[in-house]
Structures are given as structure tokens and as C-alpha cells.
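The following note sets out numbered points for a colleague who wishes to examine the model alongside its coordinates. The points move from the sheet to the helices, the interior and the loops.

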Amino acid sequence: MPEFMDVHRNMVGITQEALREAHNADLAIQSDEKVDFKSAWADPESGLVYCLSEAPSADAVRRIHERAGHPADEVHPVPIKV
């Protein structure tokens, strides 16, 4: 299954609890699109949040994030990793 890294901007001040809640909202509905969210990282100072997932497509990732209430600003394929 392809992997994707998505980026959320403008989340300045996000807390660990808020990140966990957003991630859990994704997990609750991810199977609807056959997405598997692996991890999420946040930098409250810059407002950047990153999520790593396996999914059939970038659009599937976008749809889950939109439905969960936090649309991704960017979704990038991750074809190579070490």
C-alpha cells in the first residue's frame, strides 16, 4: 500500500491533547477509505502538523481528514524511505 505524508498549516498552539483528539478522529473513520494513519507530529510554535499514513490514494487521505474536521493543506506520496 502506498504511503503518504500530509501537512496541516495554521495550527499554532496545538497541544498534545488536541493532536491526539484529531488523530483519534481520523482513526475512527479511516477504514471507510482503507486508510491506515500511522503517526502524527506537531510543532505548536510554527503551527505545522504532519501525518504519515498508508492509503490507496492521496484523495482517500484528504477525504478522511476533511470528514474528521481538519483538512490537509498538502498530501505528498512517500515512494522512498529508509
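1. Strand 2 and strand 3 run antiparallel and are joined by seven bridges. Within this predicted model, A42 has V49 of strand 3 as its bridge partner. Four residues separate the two strands in their hairpin, where G47 adopts a positive phi near 85 degrees.

2. Strand 3 also pairs with strand 1: residues 3-8 and residues 48-54 are matched in the antiparallel sense over six bridges. In this pairing, E3 stands opposite E54 of strand 3.

3. What is the strand order of the sheet? The sheet is open, has four strands and follows the order 2-3-1-4, with antiparallel pairing. Strand 2 (36-43) and strand 4 (74-77) occupy the edges; each has a single partner strand, and therefore one side of each lacks a neighbour in the sheet. From one strand to the next, the twist averages 20 degrees. As general background, the strands of a sheet pair through backbone hydrogen bonds, in either a parallel or an antiparallel manner.

4. Two helices should be considered together with the sheet. Helix 1, residues 16-29, packs on the sheet and touches strand 2 and strand 3. The direction of helix 1 makes about 160 degrees with that of strand 2. Helix 2, residues 58-68, lies across strand 1, strand 2, strand 3 and strand 4, and runs at about 40 degrees to strand 1.

5. How many cavities of 30 Å³ or more does the count give? The count comes to one cavity. The volume of the largest cavity is about 60 Å³. Its lining consists of H8, M11, I14, L19, A22, H23, D26, V49, C51 and H70. Helix 1 and strand 3 are the elements that give two or more residues to this lining, and helix 1 gives the most, with four residues. By character, the lining of the largest cavity divides into six nonpolar residues, three polar and one charged. V49 thus appears in two contexts: V49 is the bridge partner of A42, and V49 is also one of the residues lining the largest cavity.

6. Two loop residues merit inspection of their backbone angles. Most residues other than glycine have a negative phi. N10, in the loop between strand 1 and helix 1, has a positive phi near 65 degrees although this residue is not glycine. Is N10 buried or exposed? N10 counts as exposed because its relative accessibility is 72%, against a cut-off of over 50%. K34, in the loop between helix 1 and strand 2, likewise has a positive phi, near 60 degrees, in a residue other than glycine. K34 is also exposed, with a relative accessible area of 63%.

7. The final point concerns P56, which is found in the loop between strand 3 and helix 2. At 45% relative accessibility, P56 counts as partly exposed. Which residues does P56 contact, leaving aside its neighbours within four places in sequence? These contacts are M1, P2, E33 and K34. P56 and M1 are 55 residues apart in sequence, while their C-alpha atoms are 6.4 Å apart in space. K34 links this point to the preceding one: K34 is in contact with P56 and lies in the loop between helix 1 and strand 2.

Technical notes. Residues are numbered from 1 along each chain as its sequence is written. This is a predicted model: local features need pLDDT of at least 70, side-chain atom pairs count only at pLDDT 80 or more; totals for chains, interfaces and linings use all residues. Side-chain values use heavy atoms; hydrogens and water are left out. Two strands pair if DSSP finds at least two bridges between them. Axes are lines fitted to C-alpha atoms, for helices over the stretch in contact, and angles run from 0 to 180 degrees between N-to-C directions. Contact means heavy atoms within 4.5 Å. On a 1 Å grid over the protein atoms alone, a cavity is a set of points where a 1.4 Å probe fits but cannot get out, and a pocket is an open set with protein on both sides within 12 Å along at least five of seven lines; lining residues have an atom within 4 Å of a point. Grid points are joined across faces, edges and corners, and a volume is the space filled by probe spheres set on the points. Ala, Val, Leu, Ile, Met, Phe, Trp, Tyr, Cys and Pro count as nonpolar, Asp, Glu, Lys and Arg as charged, and the others, Gly among them, as polar. Buried means under 20% relative accessible area, exposed over 50%, partly exposed in between (1.4 Å probe, protein chains only).
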